[in-house]
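Please look over the sequence and the coordinates before reading on. The report below is meant to be followed with the structure open beside it.

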Amino acid sequence: MIKELDTFCGHKYEQGIVDCYSLVRDFYKERYQIEITNYARPKDWAKDDNLDFFTDKFQTEGFIDTGNSPHKVRFGDVLMMRIVGSEVVNHVAIYVGRQKILHHLEGRLSEVVDYSDRWRYRVVNVVRHPEVEKLTDSVALSNLHKGLPIHLRKKLRGGN
């Protein structure tokens, strides 16, 4: 799975164009065919404690609070963080499994890093798009079906 993420890594940061929000947009479009609106980001929005851009926009886009702690996340969950002493969410990352996150910090290239305590303790909310929930449930059901013995699979299909 991590190799599949190479296409998202190594991009130069450019506020409002190639940043952590655009990384989430690109990931969701490629992985889930979910289009997320490209909202304009005001200059220095991340430093404005009165503007909770991420919380507002992800809610507008239909993402739902999973109620999960940062310690209980699933592939594709968006981790909403407060970094650098901010009072509002000013960074987002995507949990990509195997205790790794995909993210893009200002001044750095986009990358996959360990989901260590450094990041985990900055997470204030874990959100998921309802369509991802449906896809995840569908894949889980399909995998469960594939794991059944052949005679049980035939019964489920209505065969003898």
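The text that follows takes up the sheet, a loop residue, the salt bridges and the largest pocket in turn.

**The sheet**

The model is predicted, and the sheet described here is an open one of six strands in the order β1-β6-β2-β3-β4-β5, with antiparallel pairing. The edges are taken by β1 (64-65) and β5, and because each of these has a single partner strand, one side of each is left without a neighbour in the sheet.

Starting from the β1 end, two bridges join β1 to strand β6 (residues 123-128), the two running antiparallel, and D65 is found opposite V127 in β6. Strand β6 also pairs with β2, again in the antiparallel sense, over four bridges; here L79 has V126 of β6 as its bridge partner. Further along the order, strand β3 (residues 91-95) is joined to β4 by three bridges, and this pair too is antiparallel, with A93 having H103 in β4 as its bridge partner.

**A residue in the loop between β1 and β2**

Is D77, in the loop that leads from β1 to β2 (78-81), buried or exposed? With a relative accessible area of 0%, D77 is buried. A polar atom of the D77 side chain lies 2.8 Å from the backbone nitrogen of R74, so this buried side chain, at 0% relative accessible area, has a backbone partner for polar contact.

**Salt bridges**

Side chains of opposite charge can pair when their charged atoms come close. The structure holds eight salt bridges, and the table sets out some of them, including the distance between the closest N and O atoms.

| Pair | N to O distance | Relative accessible area |
|---|---|---|
| K3 and D6 | 3.1 Å | K3 66%, D6 41% |
| D114 and K100 | 2.5 Å | D114 45%, K100 26% |
| R108 and E111 | 3.1 Å | R108 40%, E111 19% |

In the salt bridge between K3 and D6, K3 is exposed, whereas D6 is partly exposed. For the pair formed by D114 and K100, D114 lies in strand β5 (residues 111-114) and K100 in strand β4 (residues 100-103), so the salt bridge ties together parts that are 14 residues apart in sequence. D114 counts as partly exposed at 45% relative accessibility, and K100 is likewise partly exposed, at 26%.

The side chains of R108 and E111 also meet in a salt bridge, and in this pair R108 is partly exposed. Why does E111 count as buried? The relative accessible area of E111 is 19%, and because buried means under 20%, E111 falls within that class.

**The largest pocket**

How much space lies in the largest pocket? The value is about 430 Å³. The largest pocket is lined by 17 residues, of which A46, K47, I83, N90 and E106 are the closest to its centre. By class, the lining of the largest pocket divides into seven nonpolar, five polar and five charged residues.

Methods
Residues numbered from 1 in each chain as written. Predicted model: local features only at pLDDT ≥ 70, side-chain atom pairs only at ≥ 80, totals over all residues. Heavy atoms only, no water. 1 Å grid on protein atoms, 1.4 Å probe; cavity = no way out; pocket = protein on both sides within 12 Å on 5 of 7 lines; lining within 4 Å. Points joined across faces, edges and corners; volume = space filled by probe spheres on them. Nonpolar A, V, L, I, M, F, W, Y, C, P; charged D, E, K, R; others polar. Salt bridge = Lys/Arg side-chain N within 4 Å of Asp/Glu carboxyl O. Buried < 20%, exposed > 50% of the residue type's maximum accessible area, 1.4 Å probe, protein only. Pairing = 2+ DSSP bridges. Polar contact = N/O pair within 3.5 Å; in protein donor to acceptor, adjacent residues only side chain to side chain.
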